Structure formats: structure tokens, C-alpha cells
Amino acid sequence: MGRRSRWEDSTSALRVAQRVFIAATTEPTNLFVCREDLAADAAEDVRGQLPAGRILLRPLRDLLLRRQTPLSVRDAVWRELIRRARGDRSTWLVMALGMAMPGLRREVRALSVSFTGDRDDLESAVAEGFVTELYRVDVTETALCARLLRAAHRAGVKQAYQDAAMQGAAWSDFASRAPRAPWGHPDFVLLDAVRSGVLSPQEAWLIGVTRLEGVGVDEVAAVLGERTNTVVVRRHRAEHRLREAIDAVR
């Protein structure tokens, strides 16, 4: 018998969701989305960019991951996924996790660089953060998947801090020390900047969604109904203020 991978043996919420997603979306399956299922307020050009008939979830996920897929299409699909997950807290909730799995695993990999605790705890925290945000996010907002992933990331950072604090509290014969990294994480920096009045919530969101989540400025500008150069200049000014604030406390 071949050796089983750690992924196959893990019982973390994230990995269990991945295994269920793969099994449930393998043909034959009745889990799919049709473009006709999208919210009635979805623009006709949005619907027109999706194939007719049923769209299986794994091909749909691949389509949403393509850089050329407009943010408006991604949001229309995610509004439907969120609606289904909120109505069915078993099957479709797991499907929503599966649809976001590439992003969730990316967040786990990024956090794992400095995380020294139990990997299953980290993955479960990331999954919990995603699900919690799924139930409270305003579906009229934009960049929905990015918002869910940012919440998942924040939950992972919180878990990492808790683990670091526990390790930092261990007795040392030599000297006390601050908790291990991650400290100064970008999410916390943006949050502190908003609390201190350096950035507005909208400016923090703009920096986060374009710098941390990789959403193109042109896509954000299209959603906001503004010129790309206008959004770029606004982000530049906000980042300049943020840099000055950080330099002032060093």
C-alpha cells in the first residue's frame, strides 16, 4: 500500500471540506449553477459571459480564477453561492468552501511561513473565519470572495498570534521576549490606520483588495464607476499617508 499524504489523513475543517467538495462535484452530480440562477439584478452582459445550461462547480471555479474574468461576473456567482450556503448550512456551505479553496490554501501557506503551532488548528481557524464572514457579509458589496478570504486570513492571523503568545509565555532563564512573529501584519496595520484616522475605511479597503488580494485596479474602478487613473491616484495618496504615519512611530 502507498503512503497516505498528510492532507488525506488530516481532520482539519479545511481539508475535510476539500475532500467532500471533490467527491460531491464528481459526475454524476446534481450540484451545479446555471446562469439563469443568478440574481435578477445581475446585468445581462454578466450573464452573457457564462456558458448556457448547467455549469459544474469545478469548471466554474476555474472560470472564476481566470484573470480575464471580470469582477462583476465573480461577484454575481458568489452572491448566488452565498445565498445557497446561507440556506443550506451543510452541502452548499461546504461547496462554498470548496469554491474558495485555492484562495484559502494560499492564505494557509502564507501564514505557515512563521506559524509554529498545529497546522490543523491554523486551517480550522481559517475555515471558521471564512464561514463566519459568509453569514454576515453584505452581498450588495463588491469583491465578495476577496472579502471572505480576508476574513479567513484575519482568523488565521489571530490563531497564529494566540499560538505565538503561548510560546512567548514560556519560562526563560535568560530574558523575556516579545511573542514570535507574525507581528505587524498588513491587515492589522490597515486596521490600526483606520482606527487612528490615517486612512478612511474605503481607502483601507482599496489598498487591501488591490495590494493584498490581487484584484486589478481597473476592475475596482469599473465597479466604482470611476476612471482607473483616479483610483490609482487615490490609492497612491492613501499609501503615502500610511508610510508617513509608520515612519513617524519608528
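**Entry 1: Met95**

I looked up Met95 in this predicted model and found it buried, at a relative accessible area of 1%. Met95 belongs to helix 6, which covers residues 91-99. Setting aside neighbours within four places in sequence, I listed the contacts of Met95 as Val20, Phe21, Ala24, Thr25, Leu31 and Leu57. I then took one of these partners, Leu31, and noted that it stands 64 residues from Met95 along the chain. The C-alpha atoms of Met95 and Leu31 are nevertheless separated by 8.7 Å.

**Entry 2: helix 5**

I checked the length of helix 5, residues 71-87, against its residue count. At 1.5 Å a residue its 17 residues should span 24 Å, and I found the end C-alpha atoms 24 Å apart, so the two values agree. How many residues of helix 5 are buried? I recorded 12 of 17, and the helix is therefore mostly covered, buried being under 20% relative accessible area. The buried set includes charged side chains, among them Arg74, Asp75, Glu80 and Arg84. Leu71, Val73, Trp78, Leu81 and Ile82 are also in the buried set.

**Entry 3: helix 5 against helix 8**

I next examined how helix 5 meets helix 8, residues 119-136. Their axes come within 10 Å and cross at roughly 95°. I therefore entered the pair as roughly perpendicular, since that angle falls in the range of 65 to 115 degrees. Which residues make the contact? From helix 5 I noted Trp78, Ile82, Ala85 and Arg86, and from helix 8 Phe130, Leu134, Tyr135 and Arg136. By class, the residues of this contact are six nonpolar, no polar and two charged.

**Entry 4: the nonpolar cores**

I looked up the largest nonpolar core and found 45 residues in it. Those with the most contacts inside this core are Leu57, Leu60, Trp78, Leu104 and Phe130. Helices 2, 4, 5, 6, 7, 8 and 9 each supply at least two of its residues. Helix 5 gives the largest share, seven residues. Trp78 and Phe130 had already appeared in the contact of helix 5 with helix 8, and Leu57 among the contacts of Met95.

I followed Leu104 further. Not counting residues up to four places away in sequence, Leu104 touches Leu14, Leu97, Val126, Phe130, Leu149 and Ala152. I also recorded a second, separate core of 11 residues, which includes Trp205, Val217, Val220 and Val231.

**Entry 5: backbone exceptions**

Most residues other than glycine have a negative phi, and most peptide bonds are trans. I searched for departures from both. Where is a cis peptide bond found? It joins Glu27 and Pro28, with omega about -5°. I placed Pro28 in the loop between helix 2 (13-24) and strand 1 (32-34).

Ala143 has a positive phi, near 55°, though it is not glycine. I located Ala143 in the loop between helix 8 and helix 9 (144-168). Is Ala143 buried or exposed? I found Ala143 buried, with a relative accessible area of 3%.

**Entry 6: the whole chain**

I closed with the overall figures. The secondary structure comes to 13 helices and two strands. Of the 250 residues, 43% count as buried. Among contacts between residues at least 6 apart in sequence, I noted that 64% join residues at least 24 apart.

Methods. Residues are numbered from 1 along each chain as its sequence is written. This is a predicted model: local features need pLDDT of at least 70, side-chain atom pairs count only at pLDDT 80 or more; totals for chains, interfaces and linings use all residues. Side-chain values use heavy atoms; hydrogens and water are left out. Helices (H or I, at least four residues) and strands (E, at least two) are DSSP runs, numbered from the N terminus. Buried means under 20% relative accessible area, exposed over 50%, partly exposed in between (1.4 Å probe, protein chains only). Contact means heavy atoms within 4.5 Å. The expected span of a helix is 1.5 Å times one less than its number of residues. Axes are lines fitted to C-alpha atoms, for helices over the stretch in contact, and angles run from 0 to 180 degrees between N-to-C directions. Angles under 35 degrees count as roughly parallel, over 145 as roughly antiparallel, 65 to 115 as roughly perpendicular and the rest as oblique. A nonpolar core is a set of buried Ala, Val, Leu, Ile, Met, Phe, Trp, Tyr and Cys residues joined through side-chain atoms within 4.5 Å.
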